[in-house]
Amino acid sequence: DLPVWECLGVGGLAGVASRTLTAPLERVKLQAQTGGLAKGSSILGELQRVARTEGPRALFAGNGANCIRVFPFAGVVTLSYVRLLKELPERSMAS
C-alpha cells in the first residue's frame, strides 16, 4: 500500500544504485566492445589500469547521465510491478 510517489522514488533510487555499482564493469565492457582493451588484459587488470592512469573517477565516467535515464524507468517498472501484484489473483500452492 505504498503511495505512487514512494514507489517511483524507491524504484528510481534502486535503479540508480544498481547502475552506479556496476558502472566500472560497464566501462570495461564498452572498452572491450570498441577495441580499447590491451591485448590479453583481464577485467580486473583493466579496472586497475584505468584507475591508475585516469584516476578512480574515470571508472564512473558517464554515470550521471545514465542515472538520469534510469531513475524514471526503474521507478515506473517498480510502480507497475507493485500495482500488478495487487491485481493478479493469488494462486493456491495446494494442488
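Helices, taken here as DSSP runs of H or I of at least four residues, are numbered from the N terminus. With that convention, V10 is found in helix α1. The model on display is predicted, and the tour below moves from the whole chain to individual residues.

**The whole chain**

Begin with the protein chain in a cartoon view. Three helices and zero strands are present, and the order from the N terminus on is α-α-α. Show the C-alpha trace alone and turn it along its principal axes: the span is about 55 × 35 × 20 Å. The radius of gyration of the protein chain is 19 Å, whereas a compact globule of 95 residues would have a value near 12 Å.

Next, display the surface. The protein chain exposes about 7100 Å², of which carbon and sulfur atoms supply 66%. Of the 95 residues, 23% count as buried. Colouring by charge brings up 11 positive and 7 negative charges, whose mean positions lie 12 Å apart. For contacts between residues at least 6 apart in sequence, 70% join residues at least 24 apart.

**Helix α1, the E6 and C7 stop**

Select E6, which has its place in helix α1. E6 is partly exposed, with a relative accessible area of 27%. Add L79 and draw a distance between the two C-alpha atoms: the separation is 8.8 Å, although these positions lie 73 residues apart along the chain as their sequence separation.

Move on to C7, also found in helix α1. Is C7 buried or exposed? Its relative accessibility is 1%, so C7 counts as buried. To see what surrounds this residue, select L2, G75, T78, L79 and V82; C7 touches each of them, when residues up to four places away in sequence are not counted. For one of these partners, V82, the C-alpha to C-alpha distance from C7 is 8.0 Å, with the two residues 75 apart in sequence.

**V10**

Now return to V10 in helix α1. V10 counts as partly exposed because its relative accessible area is 49%, and the partly exposed class ends at 50%. How far apart in space are V10 and L88? Their C-alpha atoms are 22 Å apart, for a sequence separation of 78 residues.

**L25**

Further along, select L25, which is placed in helix α1. L25 is partly exposed at 46% relative accessibility. Leaving aside residues up to four places away in sequence, L25 touches I43 and L47. Then add R91 to the selection: L25 and R91 are 66 residues apart along the chain, and their C-alpha atoms are separated by 39 Å.

**Q31 and its neighbours**

Select Q31 next. This residue lies in helix α1, which covers residues 4-33. Q31 is buried, since its relative accessible area is 12% and the cut-off for buried is under 20%. Which residues does Q31 touch, not counting those up to four places away in sequence? They are G36, L37, E46, R49 and V50.

**V50 and the nonpolar core**

From Q31, step across to V50. V50 touches R27, Q31, G55, A58 and L59, again not counting residues up to four places away in sequence. Two of these partners, A58 and L59, also belong with V50 to the largest nonpolar core. To display that core in full, select V28, L47, V50, A58 and L59, its five residues. In soluble globular proteins, nonpolar side chains tend to be buried together. L47, one of the core residues, is also a contact of L25, and V50, another core residue, is a contact of Q31.

**Last view**

Finally, keep C7 and V50 selected together with their contacts. The C7 selection brings in G75, T78, L79 and V82 among others, while the V50 selection includes R27 and Q31.

Terms used
Residues are numbered from 1 along each chain as its sequence is written. This is a predicted model: local features need pLDDT of at least 70, side-chain atom pairs count only at pLDDT 80 or more; totals for chains, interfaces and linings use all residues. Side-chain values use heavy atoms; hydrogens and water are left out. Helices (H or I, at least four residues) and strands (E, at least two) are DSSP runs, numbered from the N terminus. The radius of gyration is taken over C-alpha atoms; the globule rule is 2.2 Å times the number of residues to the power 0.38. Buried means under 20% relative accessible area, exposed over 50%, partly exposed in between (1.4 Å probe, protein chains only). Contact means heavy atoms within 4.5 Å. Accessible areas come from the Shrake-Rupley method with a 1.4 Å probe; for residues, only the protein chains shown count as cover. Lys and Arg count as positive and Asp and Glu as negative; His and the chain ends are not counted. The place of a charge is taken as NZ of Lys, CZ of Arg, CG of Asp or CD of Glu. A nonpolar core is a set of buried Ala, Val, Leu, Ile, Met, Phe, Trp, Tyr and Cys residues joined through side-chain atoms within 4.5 Å.
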